[in-house]
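User: Please take a close look at a single residue in this structure. I should like to know where it sits and what surrounds it, and then how the chain as a whole is built.

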Amino acid sequence: MAEIKLVVIKEADITNNCPECFNQDLKLSFYQKHSYGKFVHKTTNEVTHKLTCNTCKSDIYPVNWTDDIERIFEYYKKMAIPEKKSIKYTSLFYILLLVAIVLIGAAIFLYTSEIITI
């Protein structure tokens, strides 16, 4: 099965007050979803975010955000430019494709050579 990873595309230390402990040590991270399989590596357009306090180690959800945090979030959201959606095939895919083409070619060659000799 495909392994899904969230790759960091932008991280920022912001100095807004934490709604939980009121310290000014927050970290805002933006992630892009990547899927790694045996045959293909997919990059999606899906971007997620996470805001954590470095002091109390709590995740701060958008319900608890202040207006200042929302403004900072919108600013950094514009700066977090994800990679384009893409599909990259692995070397195992190309090896199996080449083997399949060779087997089909050999089968066609054997089939046509038997018809001529009969």
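Analyst: Two residues are said to be in contact when they have heavy atoms within 4.5 Å. The model examined here is predicted, and the residue chosen is His41. Leaving aside the neighbours within four places in sequence, His41 is in contact with six residues: His34, Ser35 and Tyr36, together with Ser86, Ile87 and Lys88. With one of these partners, His34, there is also a polar contact, in which the two side chains are joined at 3.4 Å.

His41 belongs to strand β3, which covers residues 40-53. Is this residue buried or exposed? A residue counts as buried when its relative accessible area is under 20%. His41 has a relative accessibility of 18%, and therefore it counts as buried. Of the 118 residues of the chain, 20% are in the buried class.

The wider setting may now be described. The chain holds four strands and two helices, and their order from the N terminus is β-β-β-α-β-α. Among the contacts in the chain with a separation of 6 or more, 60% are between residues 24 or more positions apart.

As for overall dimensions, the C-alpha trace spans about 90 × 25 × 20 Å along its principal axes. The radius of gyration is 25 Å, whereas a compact globule of 118 residues would have a value near 13 Å. The accessible surface comes to about 8,800 Å², and carbon and sulfur atoms account for 61% of this surface. Finally, the chain carries 14 positive and 13 negative charges, whose mean positions are 6 Å apart.

How values were computed. Residues numbered from 1 in each chain as written. Predicted model: local features only at pLDDT ≥ 70, side-chain atom pairs only at ≥ 80, totals over all residues. Heavy atoms only, no water. Rg over C-alpha atoms; globule rule 2.2 N^0.38 Å. Buried < 20%, exposed > 50% of the residue type's maximum accessible area, 1.4 Å probe, protein only. Areas by Shrake-Rupley, 256 points an atom, 1.4 Å probe, with all protein chains shown as cover. Lys, Arg positive; Asp, Glu negative; His and termini not counted. Charge placed at Lys NZ, Arg CZ, Asp CG, Glu CD. Polar contact = N/O pair within 3.5 Å; in protein donor to acceptor, adjacent residues only side chain to side chain.
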